[in-house]
Amino acid sequence: FTCFGFVMAAICLFPVYAFKSWNPWISTILLSLANASFGLAPTGFKSNYLDITEKYVGIVAGYGNTLGTVASILGPKITAATLVHSDGNWHVVLGTVCIINLVAALNYARTAVVTPVESMILQ
């Protein structure tokens with residue numbers, strides 16, 4: 001679900017700005033589908049905290065939530081700065097989000113484990 005969520009969000013977000021001159025319902029539907037796809041992404045990595053470690057799951061979850069909070073704080077500032085430097089070009093912003101999603105999906109597919117690290121060390 002995680003990779004599917006990231007990839008589908010990227011697919012839905014990429015054409016949003018291009019369709020701005022069309023019927024506004026098209027962009028609304030694409031943004032809604034992207035938002036729903038973003039909702040699928042955490043189903044894999046939030047449960048993966050327990051897969052990573054059994055002993056320190058609280059610490060790992062705390063780090064993950066902290067990084068998510070920092071991203072939520074910095075995201076709007078980075079978006080605003082990007083829009084200022086690109087003369088209000090939303091293609092750059094949405095394209096960047098799409099690329100980040102695709103990289104995240106690839107990274108998750110390559111590195112997600114279901115064996116706790118403690119078990120891997122003992123083997």
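Is Ser-86 buried or exposed, and what is its relative accessible area? In this predicted model, Ser-86 is buried, because its relative accessible area is 18% and the limit for a buried residue is under 20%. Ser-86 belongs to the loop that runs between α4 (57–85) and α5. A polar atom of the Ser-86 side chain is placed 2.7 Å from the backbone oxygen of Thr-82.

The overall fold of the protein chain was examined next. The chain contains 6 helices and 0 strands, and the order of its elements from the N terminus is α-α-α-α-α-α. Of the 123 residues in the protein chain, 23% are buried. Among the contacts with a separation of 6 or more, 69% join residues that stand 24 or more positions apart.

The largest nonpolar core consists of 8 residues, namely Ala-10, Cys-12, Leu-13, Val-16, Leu-30, Ala-34, Leu-94 and Cys-98. At least two residues of this core come from each of α1 (2–13), α2 (24–40) and α5 (90–111). The greatest contribution is that of α1, which provides 3 residues. One of the core members, Cys-98, is in contact with Ala-10, Leu-13 and Phe-14 when residues up to four places away in sequence are left out of the count.

A second buried polar residue was considered in helix α5, where Asn-101 is located. Asn-101 has a relative accessible area of 6% and is therefore buried. With residues up to four places away in sequence again excluded, Asn-101 touches Phe-6, Ala-9, Ala-10 and Phe-38. The pair formed by Asn-101 and Phe-6 is separated by 95 residues in sequence, whereas the C-alpha to C-alpha distance between them is 5.1 Å. Ala-10 is thus listed among the contacts of Asn-101 and also among those of Cys-98.

Attention then turned to the surface. The protein chain exposes about 8300 Å², of which 72% is supplied by carbon and sulfur atoms. Val-70, Ile-73, Leu-74 and Ile-78 together form a nonpolar surface patch of about 350 Å². Of these residues, Ile-73 is situated in helix α4.

Methods: Residues are numbered from 1 along each chain as its sequence is written. This is a predicted model: local features need pLDDT of at least 70, side-chain atom pairs count only at pLDDT 80 or more; totals for chains, interfaces and linings use all residues. Side-chain values use heavy atoms; hydrogens and water are left out. A nonpolar core is a set of buried Ala, Val, Leu, Ile, Met, Phe, Trp, Tyr and Cys residues joined through side-chain atoms within 4.5 Å. Buried means under 20% relative accessible area, exposed over 50%, partly exposed in between (1.4 Å probe, protein chains only). Helices (H or I, at least four residues) and strands (E, at least two) are DSSP runs, numbered from the N terminus. Contact means heavy atoms within 4.5 Å. A polar contact is a pair of N or O atoms within 3.5 Å; within protein, one must be able to donate a hydrogen and the other to accept it, and residues adjacent in sequence count only if both atoms are side-chain atoms. Accessible areas come from the Shrake-Rupley method with a 1.4 Å probe; for residues, only the protein chains shown count as cover. Patches are made of residues with over 30% relative accessible area and no salt bridge: like charges are joined within 9 Å, nonpolar side chains (Val, Leu, Ile, Met, Phe, Trp, Tyr) within 5 Å. A salt bridge is a side-chain nitrogen of Lys or Arg within 4 Å of a carboxyl oxygen of Asp or Glu.
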